[in-house]
Amino acid sequence: MAKSSSRITVEQTPFVIPDLTVKELLSAIPAHCFQRSALRSSAYVVWDFLLLAGFYKLATFLDARITPEFIALPSPHLYTFASFALWSLYSLASGLVGTGLWVLGHECGHQAFSESKTLNNAAGFVIHSALGVPYHSWRITHGKHHASTGHMTQDQVYVPRTRSERGLPAFDPTQENLLGSSVTEEVMKELRDALGDTPIGATLGAVGYLLAGWPLYIIRNASGQLRYPAGSTNHLNPSAVLFAPHQRGQIILSDIGIALWLGGIATAIYYKGFLEVFRVYLVPYLWVNHWLILITFLQHTDPLLPHYRAPEFTFPRGALSTLDRSLLGDLGSFAGWIGACTTHGISETHVLHHVSSKIPHYHAWEAAAALRRKLAPAGIRLQGAPGGWAEVYRVFKECRFVEDEGDILFYKNARGLAATRPLFVDNNASDSGIEIDKDA
């Protein structure tokens, strides 16, 4: 970072703007990776349910023994604390495995579960309804997200807010540049004051995102397109602008699934009591929602990733505007292994998933490795920092807005600085690459 006459200039990381075709990307993946097995996919569903049942049996077995008859503790309050700690561990573990089940339902929505569309949608409807997800409603908008990932006006989720949408001071080319590599201290102060750049603000924002992000997305399409009319983006509304008229029956079916889910919870509370349902199902359910937002937010949001307006968007560019991350990898390799196994590698092989969403998770590891080998010579490396709370905080703090101008955009922070700039490579040139100055 250089400072000159009250102006801050930073050196930015170059991001190679891909110029690859869909055929080139798919041809790098071994043919057998596209094969889908209903039996193998179903086995993972059974395995996840067995894990959940095992966690429940273990928790109830141990909880029954947190008594003076089985263990002597110096204070009566410690028995309560020990029981709370036990069920907290149960909910954490069950939430991770429940996220894995969510991922399997997600594969059904992509028709990656089996060769049968009927089986895929039936299994996806059951799995996702049991997790409070309106299956077809989500499937439809999620498909649009995959078709237009990183597109500023067509993507459906994690769409960056622009300078004007944030209500920030207008761009002044005499005091800053579009690339975000140089900003005067005066503009930096204006932006910080407008955005409220404080650690506590970023912390509260990140926590709120993780806790309420999923229901807000379903109810009002939070983090989606602002161009939709207000009040028209509820995933439970068959007439929502998100859906075509011929999809109305599928939305109603999804709503029936949610009604059955709510009825099941109410019935369980009636017979078992709220506390039992809360600790056995509702807390793990909240963990699932938390992991879902954490994983997807970090896959699609980072100062390193570009977003495109229509003139520069292509499907390969959108697919390659995501990141692979090691879930829980910030806690060590063993924790990273647990995160990957329980969630079926959804965080670790996400770039591959956007290149070809019909590849099942059990082939995704091999396919992702092959894709990385294809991208490496072009200088495209899409491996982000490990996924965890600290990374959510960092990304939330650094990704505040993008500019209203330009066709290739990178996030700027609360000081108006961008960490990344676009790099265009001429594959026909004799040297290793030609950088073209182009505002983004």
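Buried here means under 20% relative accessible area, so Arg325, at 1%, counts as buried. Keep that cut-off in mind, because the same label of buried, under 20%, is used for residues further down. The model is a predicted one. Here's a quick tour of its salt bridges, one helix pair, a few residues worth a click and a nonpolar patch on the surface.

**Salt bridges around Arg163**

- A search through the whole structure turns up 14 salt bridges.
- Arg163, Glu176, Glu403 and Lys412 are joined up in a salt-bridge network.
- Within that group, Glu176 and Arg163 pair through their side chains, at 2.9 Å from N to O. Glu176 and Arg163 are 13 residues apart, and each sits in the loop between α5 (135-147) and β4 (182-184).
- Both Glu176 and Arg163 are buried.
- Arg163 also has a salt bridge to Glu403, this one at 2.7 Å, N to O. Glu403 comes from the loop between α14 (389-398) and β6 (408-410), while Arg163 is in the loop between α5 and β4, so this bridge ties together parts 240 residues apart in sequence.
- How buried are these two? Arg163 has a relative accessible area of 2%, and Glu403 comes in at 3%. Buried means under 20%, so Arg163 qualifies, and so does Glu403.

**The Arg325-Asp302 bridge**

- Arg325 and Asp302 make another salt bridge, with their closest N and O atoms 2.7 Å apart.
- Arg325 belongs to the loop between α10 (315-319) and α11 (333-342), and Asp302 to the loop between α9 (274-300) and β5 (306-308), so the pair ties together parts that are 23 residues apart in sequence.
- Both ends are tucked away: Arg325 is buried at 1% relative accessibility, and Asp302 is buried at 3%.

**How α5 meets α8**

- Helices α5 and α8 pack with their axes 6 Å apart, at an angle of about 130°. That makes α5 oblique to α8.
- On the α5 side, the contact uses Tyr135, His136, Ser137, Arg139 and Ile140. On the α8 side, it uses Gln250, Ile251, Leu253 and Ser254.
- Ser137 is a handy residue to click on in α5. Its relative accessible area is 0%, so Ser137 is buried.
- Leaving out residues up to four places away in sequence, Ser137 touches His235, Phe243, Ile251 and Ser254.
- Ser137 and Leu253 are 116 residues apart along the chain, with their C-alpha atoms separated by 9.2 Å.

**His146, also in α5**

- His146 lies in helix α5, and at 8% relative accessibility it counts as buried.
- What does His146 touch, once residues up to four places away in sequence are set aside? The list is His110, Phe315, His353, His354 and Ser357.
- Phe313 is 167 residues from His146 in sequence, and the C-alpha to C-alpha distance between them is 13 Å.

**Positive phi without glycine**

- Gln111 isn't a glycine, yet its phi is positive, at about 60°. Look for Gln111 in the loop between α3 (76-109) and α4 (117-130).
- Is Gln111 buried or exposed? Gln111 is buried, with a relative accessible area of 13%.
- Ser223 is another non-glycine residue with a positive phi, about 75°. Ser223 lies in the loop between α7 (199-220) and α8.
- Ser223 has 16% relative accessibility, and the cut-off for buried is under 20%, so Ser223 counts as buried.

**A nonpolar patch on the surface**

- Ile252, Leu253, Ile256 and Leu260 make up a nonpolar patch on the surface, and together they have about 350 Å² of accessible area.
- Ile256 is found in helix α8, which covers residues 248-272.
- Ile256 has a relative accessible area of 44%, and partly exposed is the class between buried (under 20%) and exposed (over 50%), so Ile256 is partly exposed.
- Leu253 turns up twice here: Leu253 belongs to the surface patch, and Leu253 is one of the α8 residues in contact with α5.

Methods
Residues numbered from 1 in each chain as written. Predicted model: local features only at pLDDT ≥ 70, side-chain atom pairs only at ≥ 80, totals over all residues. Heavy atoms only, no water. Patch = residues over 30% accessible without salt bridge, like charges linked within 9 Å, V, L, I, M, F, W, Y side chains within 5 Å. Areas by Shrake-Rupley, 256 points an atom, 1.4 Å probe, with all protein chains shown as cover. Salt bridge = Lys/Arg side-chain N within 4 Å of Asp/Glu carboxyl O. Helix = DSSP H or I, 4+ residues; strand = E, 2+ residues; numbered from the N terminus. Buried < 20%, exposed > 50% of the residue type's maximum accessible area, 1.4 Å probe, protein only. Axes fitted to C-alpha atoms, helices over the stretch in contact; angles between N-to-C directions. Parallel < 35°, antiparallel > 145°, perpendicular 65-115°, else oblique. Contact = heavy atoms within 4.5 Å.
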